[in-house]
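Trainee: I have a model open and would like to learn how to read its helices and its sheet. Could you walk me through it?

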Amino acid sequence: VVLVDHLGERSMLTDRGACADLDDPDPAWLDGLQVLHVPAYSLAGGRLAETAVTLVNWAHERGVIVSIDASSAAVIEAYGAGRMRNLLWSLQPHVLLCNELEAATLARAGGVDGIATAATVVKQGADPALVSVPGEGVVEVPVPALSDVTDTTGAGDAFAAGFLLAVAGGA
């Protein structure tokens, strides 16, 4: 369920349903893949989490770019911010994507620095995105102004898709 307020901001009520039972991964799932993008929702427990971790490890072995989206401050809190930060760090994604609230939640457990090996991106809605590359500091990337936004559902996912397409292309 997606709830959209009068400013176009959204909140989601999630139900993972049967996907939480996904297990028995097959290495062939990664055939031809350039980027494996994993939401933190998939890392939060159960057979799905075990499957996601296995796929991340296989992706690293194959040289596939690994991206993790922090997904939800509520998921991070429920899992335990310190525990989630440790898990993300252990998975060493090339790219970590999060929004301001997710980054702030992880900051209470040591922050997002050192998790991603290539870039950490903090999306800030209409404000500039913050892109941190290890050893190079933080760059603010302006966001084009849009008027009359009535629903932001999917905006972060669209941003992630464009960013990861650029990363896969060598940018």
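Mentor: Happy to! Let's begin with a term: a residue is called buried when its relative accessible area is under 20%, and exposed when that value is over 50%. Keep in mind that this is a predicted model.

Trainee: Which exposed residues does α1 carry on the face turned away from its buried side?

Mentor: There you will find E50 and E61, both exposed.

Trainee: And which residues of α1 are buried?

Mentor: The buried set consists of L48, A49, T51, A52, L55, V56 and A59. Look down the helix axis and you will see these buried residues of α1 within an arc of 160°, so they line one face.

Trainee: What do the buried residues of α1 pack against?

Mentor: Their partners are the strands β3 (35-39) and β4 (65-69), together with helix α3 (81-91).

Trainee: How do I read the length of α1?

Mentor: Compare its span with what is expected at 1.5 Å a residue. Helix α1 covers residues 46-62, 17 residues in all, and its first and last C-alpha are 25 Å apart, close to the expected 24 Å. Just after α1 comes G63, with a positive phi near 80°.

Trainee: Now the sheet. In what order do its strands lie?

Mentor: The order is β3-β4-β5-β6-β7-β8: six strands in an open sheet with mixed pairing. At the edges are β3 and β8 (137-141), each with a single partner strand, so one side of each has no neighbour in the sheet. On average, neighbouring strands are turned by 20° against each other, direction ignored.

Trainee: How many bridges join β3 to β4?

Mentor: Five bridges join them, and the two strands run parallel. To find your place in this pair, look for V35, which stands opposite I65 in β4.

Trainee: Where do the helices come in?

Mentor: Helix α1 packs on the sheet, touching β3 and β4, and its direction makes about 155° with that of β3. Helix α4 also packs on the sheet, where it touches β4, β5 (95-99) and β6 (119-124). The direction of α4 makes about 105° with that of β5.

Trainee: Let me try a residue in α4. Is T105 buried or exposed?

Mentor: T105, found in helix α4 (residues 100-107), counts as buried because its relative accessibility is 1%. Setting aside neighbours within four places in sequence, T105 is in contact with A73, I76, E77 and A81.

Terms used:
Residues are numbered from 1 along each chain as its sequence is written. This is a predicted model: local features need pLDDT of at least 70, side-chain atom pairs count only at pLDDT 80 or more; totals for chains, interfaces and linings use all residues. Side-chain values use heavy atoms; hydrogens and water are left out. Helices (H or I, at least four residues) and strands (E, at least two) are DSSP runs, numbered from the N terminus. The expected span of a helix is 1.5 Å times one less than its number of residues. Buried means under 20% relative accessible area, exposed over 50%, partly exposed in between (1.4 Å probe, protein chains only). The arc is that of the directions from the helix axis to the C-beta atoms. Contact means heavy atoms within 4.5 Å. Two strands pair if DSSP finds at least two bridges between them. Axes are lines fitted to C-alpha atoms, for helices over the stretch in contact, and angles run from 0 to 180 degrees between N-to-C directions.
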